[in-house]
Amino acid sequence: MELPVQKNQEYEITIEDLGNNGEGIGRIEGYTVFVEGALPGERVRVLMVKTKKHYGYGKLREILEPSPDRITPVCPVAEKCGGCQLQHLSYEAQLAFKTKKVKDHLERIGGLTGIEVLPAIGMEDPWRYRNKAQFPVGGEKGAPQIGFYAKRSHRIIDTPACYLQNEVNDAIVQIVRDFLTENKIPLYDEETHSGLVRHILTRVGRQSGQIMVCIVINGKNLPQSQKLVERLTAVPGMTSIVLNENRKATNVILGEKIHVLWGKEFITDTIGSVEFEISPLSFYQVNPIQTRVLYQTALDFADLDGTETVLDLYCGIGTISLFFAQKAKRVFGVEIVPQAIEDAKRNAARNHMDNAFFQAGAAEEVIPRLYETEGLQADVVVVDPPRKGCDQRLLETILEIAPKKLVYVSCDSATLARDLAYLCPRGYRVEKVQVVDQFPWTVHVESVALLSKE
Ligand SMILES: C[S@@+](CC[C@H](N)C(=O)[O-])C[C@H]1O[C@@H](n2cnc3c(N)ncnc32)[C@H](O)[C@@H]1O
C-alpha cells in the first residue's frame, strides 16, 4: 500500500496534539506524523525522515503559524539536552497537557470514563526545583565533559548550568571539573568500559541547606581526593562527600558500595515537620516543594481520624509513612531496598514516632505472606510504585485485605490506568484523581488517585 508521504520530502502540516514524549502530532491524509518541537495549533513545514506503515517522523523545518503557547526556552541547550522536553511550551499549557494526559490514559488504557481528574497543581516558581542532580562525566583526560545526555543518546552535552537544579550545583560541578582537569584524572568511557570517574551525583536539602556530593567511580580510590575534599568543603552547607564504587558495564548510575571521603554518609532534610536522613542510594522525591503538596493531597484523600492502620507500600525511606503516622494509629511500610528501610527506621526514631514499622522486601511477596500467615489487616492502603506500577499479586492481596480506602500515588499514568482498571470491577470506585506537577518543563506527570470500597 502506498503511503500518503514519502521519505525525504517536505510537507506542510497542522499539529493537533502533543504525544507522551512532548512531540507534536499531526496527520497527512489520516497518516500520523510525529514532529519533535512542534506544538498543537501550529502550522509547520516538516521533512519526513522516517516512514513506517502506520506513522512517521517529520523533522521540523519551519514554523509557519506559531502557537500562542510557544515561548523561547530559557536554557541555551534545551533543544539538544534530553532533560527537558517542554521548554518551548508556556507553563500554563504544560499543566493543561499533563491533566489531559492523565485523563486520556484513564480513558484509553483503563477504559475509565467520567472520572474527576482535578487540574494539575503547578509551582509558583517552576525553576531550580530539583534537589538531586546526576551529571555524567566523560571526555579526554585533562578535558572533561560534564553535563547531561543528549536526547535518545549517551552523548554528553557539556553544560555549565542547569536551570532545573539548585544553583549550588553550578559551583560544585566547576570545582570537580577543575580538579579532574588539573590532576588529569582518567574519565570514564562507556564504550570501552575504561577510565575512572563516571558521574557526579549531588543532593541538596532544601530546608536544611545540607549538601552531599557523591563521585561515582569505576574503581575503589580517587587519586588526589584530599585536594577535591579541600575545595568542596569550602562550599557553605557541605555535609557529606562520598565515593560510590560502580565497576559494572551498566547504565545504572550507582553501584552498591559507598566510601565516605569526608563528613557524614547522609544529609538530612524536612518535609513539613518531619525530618529525614537521606543516604546516596535511597530514593527521595526530587522536588521538595511539590512533594509536600503531593503528600498533603494523599493525606487529605485518606481523611484519617486517628484510629486507622495504614499500609505504605513502596515506602522508600518512609516519607509517606511518617507523614501519615502523625494522623494514623499505626503505619506499616514495605520497601525493596534494605538501606532505604534502615533509613526509614532511623527516621522514625529521629522523629520519636513509635507507631511506624517497616519491613524490607518486595511488596508483592511481603504483603501476601503476612496476609496469609498473620491475617494482616488495614483500613487504608497507600501505594507509590515505580513507573512499572503494582505487581498483580499485590493488587490481588489488597483486594482480599479490602481496605476502606486505597490511595494510589503514581509517577506513570499509563500503569496507573492499567492498575485502576484491574481494581475497579473488583469492588473499588475511583473517587477522584489529582494531578501534581513534580517535574516542570518535562513530560513527566505525578498523580494521586483515591479509591474507595463500594
Ligand atoms: C516512586 S518511589 C516511592 C518512594 C516513597 N514512597 C517516596 O515518596 O519517596 C518507589 C519505591 O519503590 C521501591 N520499589 C521498587 N520495586 C519494589 C517492590 N517490588 N516492592 C517494594 N518496593 C519497591 C523503590 O525502591 C522506590 O523506593
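Colleague: How many aromatic pairs does the structure hold, and what makes two rings a pair?

Modeller: There are seven of them. Rings of Phe, Tyr and Trp (its six-membered ring) pair if their centres lie within 6.5 Å, with planes under 30 degrees apart called stacked, over 60 edge-to-face and the rest tilted. Such pairs link F34, Y55 and Y57 into a cluster. This is a predicted model, where local features need pLDDT of at least 70 and side-chain atom pairs count only at pLDDT 80 or more, while totals for chains, interfaces and linings use all residues. Numbering starts from 1 along each chain as its sequence is written, and side-chain values use heavy atoms, leaving out hydrogens and water.

Colleague: Why is the charged end of R426 said to sit over the ring of Y422?

Modeller: The rule asks for NZ of Lys or CZ of Arg within 6 Å of the ring centre and within 35 degrees of the ring normal. R426 is 4.0 Å from the centre of the Y422 ring and is listed as sitting over it, so the distance fits. R346 likewise sits over the ring of F266, at 5.7 Å from its centre.

Colleague: What makes the pair formed by Y295 and the ligand a polar contact?

Modeller: With the ligand, a polar contact is a pair of N or O atoms within 3.5 Å. A side-chain N or O atom of Y295 is 2.5 Å from a ligand oxygen, so the pair qualifies. For Q285, the corresponding distance to a ligand oxygen is 2.8 Å. E364 has a polar side-chain atom 3.0 Å from a ligand nitrogen.

Colleague: How many residues surround the ligand, and which are closest?

Modeller: The shell has 18 residues (a heavy atom within 4 Å), and the closest are Q285, Y295, E335, A363 and D384.

Terms used: A polar contact is a pair of N or O atoms within 3.5 Å; within protein, one must be able to donate a hydrogen and the other to accept it, and residues adjacent in sequence count only if both atoms are side-chain atoms.
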